[in-house]
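Look over the fold below before reading on. The paragraphs that follow begin with a local backbone feature and then move to helix packing, individual side chains and cysteines.

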Amino acid sequence: MPIYKTKKKNKYGDFQYRVTYNYTDTDGNYRQKSKLVYGYAEAKTALSKLESQKEIIDETSSITIQTLYDLYISSKSNEVRESSLRKTEGILNNHILPCLKNVRLKNLTIKKLEEWKNIISKKKIKVTTKQNAYKEFRAMLNYGLRVGYIKENPLLKIGNFKDPYSFDISEEKIQYYTAEEYRKFISGLELNTVKDWAYYTFFSIAFYTGVRKGENNAVSWKELNNNVLNIRRSVTQKLKGKGYVFTPPKNKASYRKLQIPKPLIEILKMQKEIQQKNYSNWTEDFLICGGEKCLSDTAISNKNIELAKKAGLKTIRIHDFRHTHATLLINEGINIQEIARRLGHSDIQTTLKVYAHLYPREEERAIKVLDSI
């Protein structure tokens with residue numbers, strides 16, 4: 001980075017100097033920056049500053065993607081639930097590190113990222129999986145940007161994966177049961193054993209409250225007060241070697257109180273009597289659905305498939321019982337704010353994005369108002 005003296009002077013008789021700075025950008029292209037100053041002393045100072053900046057940039061951008069990953073996961077471990085951390089680790093280990101772990105940040109060019117994207121594009125996995133890989137990679141690089149390892153996030157220049165056959169129709173994105181379909185579904189469950197009642201209670205809570213699977217499995221009798229279900233925790237069974245682990249709910253909005261309807265009140269009353277009769281060590285700490293321990297995710301899924309098949313219905317995911325609950329309320333004109341609250345969404349925009357298309361009655365009402373003018 002030399003200093004060039006020009007023929008120009010300022011009013012004090014100081015010569016003008018051009019200080020040049022040569023570097024390579026994140027695309028691998030040669031670049032040059034110049035700065036004009038008056039006086040040789042000022043030129044040396046400017047040069048010193050540029051050299052200092054280059055040293056910092058070179059030192060930090062020389063770390064590898066693997067090192068950045070290690071730093072990122074360490075930082076993230078203090079910010080998210082363990083289950084969320086394991087999900088991030090899994091995605092990055094499966095789709096990012098195999099291709100790029102030894103690449104230095106300063107060499108993470110657009111060309112290199114395009115090569116990575118082409119490799120992932122050829123994988124026989126869902127587009128949503130590819131998109132999640134991009135999002136997790138972007139978040140890791142944003143961390144690198146935030147702490148000063150890189151000056152910009154080059155991944156933003158190539159964009160996320162796209163499904164060429166997708167079409168943006170919200171109705172196609174969710175599955176749910178109508179009230180009549182749910183009655184057929186649950187009527188196939190014979191209530192002969194304690195385990196039968198556990199499943200019956202689980203699906204009833206899901207239908208009448210819309211709580212998440214982990215929240216449903218984690219709620220104990222002491223969280224039921226005056227016919228109000230207090231959601232204060234969740235449970236995950238996805239942590240390898242740890243069985244099931246109780247965790248805080250998904251977000252701040254997930255801490256909520258849900259008033260329950262009369263049918264569910266009666267179901268819970270019977271479930272409580274059955275547990276008290278069959279467990280001599282019963283206490284208020286028992287889980288409402290599972291009793292001494294929560295129902296396994298696999299068992300719930302198998303029972304769900306079994307009951308749907310028996311009723312001649314399409315099989316929906318356990319998560320889709322949240323959609324079932326929401327659509328029932330929407331079809332009865334319940335406002336979106338209350339639905340968002342019951343579902344524990346942190347942002348009403350999330351609720352609108354998923355369910356806005358399910359408000360046909362509002363459109364009909366709007367037309368009637370306009371017709372009457």
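Is Asn-226 buried or exposed? The model is a predicted one, and in it Asn-226 has a relative accessible area of 76%, which makes this residue exposed. Asn-226 sits in the loop that links strand E4 (224-225) to strand E5 (228-231). Its backbone stands out too: phi is positive, about 50 degrees, although the residue is not a glycine. Most residues other than glycine have a negative phi. Asn-227 belongs to the loop between E4 and E5 as well, and its phi is also positive, at about 60 degrees, again without being a glycine. With a relative accessible area of 38%, Asn-227 counts as partly exposed.

From this loop, step back to the whole chain. The protein contains 15 helices and eight strands. Of its 373 residues, 40% are buried. The area the protein exposes is about 21800 Å², and 49% of that comes from carbon and sulfur atoms. If one takes the contacts between residues at least 6 apart in sequence, 62% of them join residues at least 24 apart.

One helix pair can be described in detail. Two packed helices are described by the angle between their axes and the distance between the axes. For helix H7 (residues 179-187) and helix H8 (residues 194-209), the angle is about 170 degrees and the axes are 11 Å apart. H7 is therefore roughly antiparallel to H8, since an angle over 145 degrees counts as such. On the H7 side, the contact is made by Ala-179, Tyr-182, Phe-185 and Ile-186. H8 contributes Tyr-200, Phe-203, Ser-204 and Phe-207. Sorted by class, the residues in this contact are seven nonpolar and one polar, with no charged residues.

Helix H3 (residues 82-95) offers two residues to compare, one of them Thr-88. Thr-88 is buried, because its relative accessible area is 2% and the limit for buried is under 20%. Beyond its neighbours within four places in sequence, Thr-88 is in contact with Tyr-72, Ile-73, Lys-76 and Glu-136. Ser-84 is also found in H3, but it counts as partly exposed, at 31% relative accessibility. Between Ser-84 and Lys-250 there are 9.5 Å from C-alpha to C-alpha, while the two are 166 residues apart in sequence.

Another pair distant in sequence involves a loop residue. Gln-237 lies between strand E6 (234-236) and strand E7 (245-247), in the loop that joins them. Its relative accessibility of 25% makes it partly exposed. The C-alpha atoms of Gln-237 and Ser-296 are 7.7 Å apart, with 59 residues of sequence separation. Ser-296 is also one of the contacts of Gln-237 when neighbours within four places in sequence are left aside. The others in that list are Asn-217, Gly-243, Tyr-244, Cys-294, Leu-295 and Asp-297.

Cys-294 leads to the last topic, the cysteines. How many disulfides does a search of the whole structure find? The search finds zero. A disulfide is a covalent bond between the sulfur atoms of two cysteines. Why does Cys-289 not form one? Its closest cysteine sulfur belongs to Cys-294 and is 9.7 Å from its own, which is too far for a bond; a disulfide needs the two sulfur atoms within 2.5 Å. Cys-289 is buried, at 2% relative accessibility. Cys-99, by contrast, has 30% relative accessibility and counts as partly exposed.

Methods. Residues are numbered from 1 along each chain as its sequence is written. This is a predicted model: local features need pLDDT of at least 70, side-chain atom pairs count only at pLDDT 80 or more; totals for chains, interfaces and linings use all residues. Side-chain values use heavy atoms; hydrogens and water are left out. Buried means under 20% relative accessible area, exposed over 50%, partly exposed in between (1.4 Å probe, protein chains only). Helices (H or I, at least four residues) and strands (E, at least two) are DSSP runs, numbered from the N terminus. Axes are lines fitted to C-alpha atoms, for helices over the stretch in contact, and angles run from 0 to 180 degrees between N-to-C directions. Angles under 35 degrees count as roughly parallel, over 145 as roughly antiparallel, 65 to 115 as roughly perpendicular and the rest as oblique. Contact means heavy atoms within 4.5 Å. Ala, Val, Leu, Ile, Met, Phe, Trp, Tyr, Cys and Pro count as nonpolar, Asp, Glu, Lys and Arg as charged, and the others, Gly among them, as polar. Accessible areas come from the Shrake-Rupley method with a 1.4 Å probe; for residues, only the protein chains shown count as cover.
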